Amino acid sequence: MLEVPGASGLSSSRGVIASGRNDVVVMEVTQHQGTTMPASLHHMIIPVSDRDVAARYFVGLLELREPWENGFFQSVQLDDSVVINFAAPPVEVQPQHYAFLVSDELFDRIKSRFDSDGTPYTADPPGKRPSEVGEVNRDGTGRRLYFLGPDKHMLEVLTARYNDVPQRSRPQ
């Protein structure tokens, strides 16, 4: 049994953690009413210099519903109900990596838009192998490409989950 910090007062808590290379962590918390709810991502905050520009960028990129004002944030909702809140100054903007699992069809549309408008992308996450600029990473399961978004956040779109770091993506 794994004790979940802050879960006191709940009727029970448990977690299953396997050890090894391709592990899956499963955690669930039983609520006061006795219903079980698995842990999942509800929302995240991405610091940006202009929240409206960033929200519109992601709406266009991922073909999402229109953004909305959400107090301090400009928000968009992904199809799996996760909400991305874009926060503008006074938050500090430090580039991060965000990866989005997309359908093959959406991946093809994104790549096609990038090819048409000249948006640079690469098959190499750190972008240090010039021969992979303008290429799609097919190492492992599915396809992936990496590109810079608003405020130099490193973005990734991928068509399938992977459980291990693919060979070509490992440090040399």
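## A loop after β9

In this predicted model, Lys 152 lies in the loop that runs between β9 (144-148) and β10 (154-158). Its phi is near 65°, a positive value in a residue other than glycine. That's worth a second look, since most residues other than glycine have a negative phi.

How open is this spot? Lys 152 has 59% relative accessibility, and exposed means over 50%, so Lys 152 counts as exposed.

## Another positive phi

Glu 63 also has a positive phi, near 55°, and Glu 63 is likewise a residue other than glycine. You'll find Glu 63 in a loop too, this one between α1 (51-62) and β5 (68-70).

Is Glu 63 buried, exposed or partly exposed? With 37% relative accessibility, Glu 63 counts as partly exposed, because that label covers values between the 20% and 50% cut-offs.

## Gln 96 and its company

Now hop over to Gln 96, which sits in the loop between β7 (83-87) and β8 (97-101). Its relative accessibility is 41%, so Gln 96 counts as partly exposed.

Which residues does Gln 96 touch, leaving aside its neighbours within four places in sequence? Gln 96 is in contact with His 153 and Met 154. As for Ile 46, 50 residues separate it from Gln 96 in sequence, while the two are 8.6 Å apart in space, C-alpha to C-alpha.

Definitions and conventions. Residues numbered from 1 in each chain as written. Predicted model: local features only at pLDDT ≥ 70, side-chain atom pairs only at ≥ 80, totals over all residues. Heavy atoms only, no water. Helix = DSSP H or I, 4+ residues; strand = E, 2+ residues; numbered from the N terminus. Buried < 20%, exposed > 50% of the residue type's maximum accessible area, 1.4 Å probe, protein only. Contact = heavy atoms within 4.5 Å.
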